[in-house]
Amino acid sequence: MCDWCLSVYPVSRIAQLGYQQTKTRSVGLYACGQLDCVDRILSPDTNNVHSMRETLTKEQKIQRYYARIGNFFDNSV
Ligand SMILES: [Zn+2]
C-alpha cells in the first residue's frame, strides 16, 4: 500500500523510499512505483480490487494525500 495515497498494489509496483536521517535512524515509506498517486486518486477505476472502499470524495483524498506528504517531510526531514 502506498503510504501517501493509500492505493494498494502488488509488491512489484510499490517503491520503497528512504534515507538515513541520523547514524542510528533511517526513515522510509512505501509509495506508488511511478509516483502517480494523484492519477490513482483521480482514476475512474476507484472501485477496483486495488482501492480501499472509502466514503471520501476525490477532493478529500487529494487533501489527505498532500497532508500525508507534508507530515512525512515535517516529521522526517
Ligand atoms: Zn500513491
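This section describes the fold, strand pairing, core and backbone features of the protein chain in a predicted model.

The protein chain contains two helices and two strands, which follow one another from the N terminus in the order β-β-α-α. Of its 77 residues, 13% count as buried. Where contacts link residues at least 6 apart in sequence, 58% of them join residues at least 24 apart.

The two strands, E1 (residues 14-22) and E2 (residues 25-32), run antiparallel and are joined by eight bridges. Together E1 and E2 form a hairpin, with two residues between them. Threonine 22 faces its partner across the pair, standing opposite arginine 25 in E2.

The largest nonpolar core comprises seven residues, namely Cys2, Trp4, Cys5, Ala31, Cys32, Cys37 and Ile41. At least two residues of this core are supplied by E2, and at least two by H1. One member of the core, cysteine 2, has its contacts resolved in further detail: with neighbours within four places in sequence set aside, cysteine 2 is in contact with Ser7, Ile14, Tyr30, Ala31, Cys32 and Cys37. Of these partners, Ala31, Cys32 and Cys37 are themselves listed in the core.

Helix H2 (residues 58-76) consists of 19 residues. At 1.5 Å a residue its expected span is 27 Å, and because its end C-alpha atoms are 27 Å apart, the model agrees with that expectation. H2 is hardly covered, with a count of one buried residue among its 19. In general, an α-helix has 3.6 residues a turn, so residues three or four places apart point the same way.

Two leucine residues were examined for their backbone geometry. Leucine 6, in the segment before E1, has a positive phi of about 70° although it is not a glycine. This residue has 18 C-beta neighbours inside 10 Å and therefore counts as partly exposed, since a buried residue would require 20 or more and an exposed one 12 or fewer. Leucine 35 is located in the loop between E2 and helix H1 (37-42). Its phi is likewise positive, at about 50°, although leucine 35 is not a glycine. With 13 C-beta neighbours inside 10 Å, leucine 35 also counts as partly exposed.

Technical notes: Residues are numbered from 1 along each chain as its sequence is written. This is a predicted model: local features need pLDDT of at least 70, side-chain atom pairs count only at pLDDT 80 or more; totals for chains, interfaces and linings use all residues. Helices (H or I, at least four residues) and strands (E, at least two) are DSSP runs, numbered from the N terminus. Two residues are in contact if their C-beta atoms, placed from the backbone, lie within 7 Å. The expected span of a helix is 1.5 Å times one less than its number of residues. Two strands pair if DSSP finds at least two bridges between them. A nonpolar core is a set of buried Ala, Val, Leu, Ile, Met, Phe, Trp, Tyr and Cys residues joined through C-beta atoms within 7 Å.
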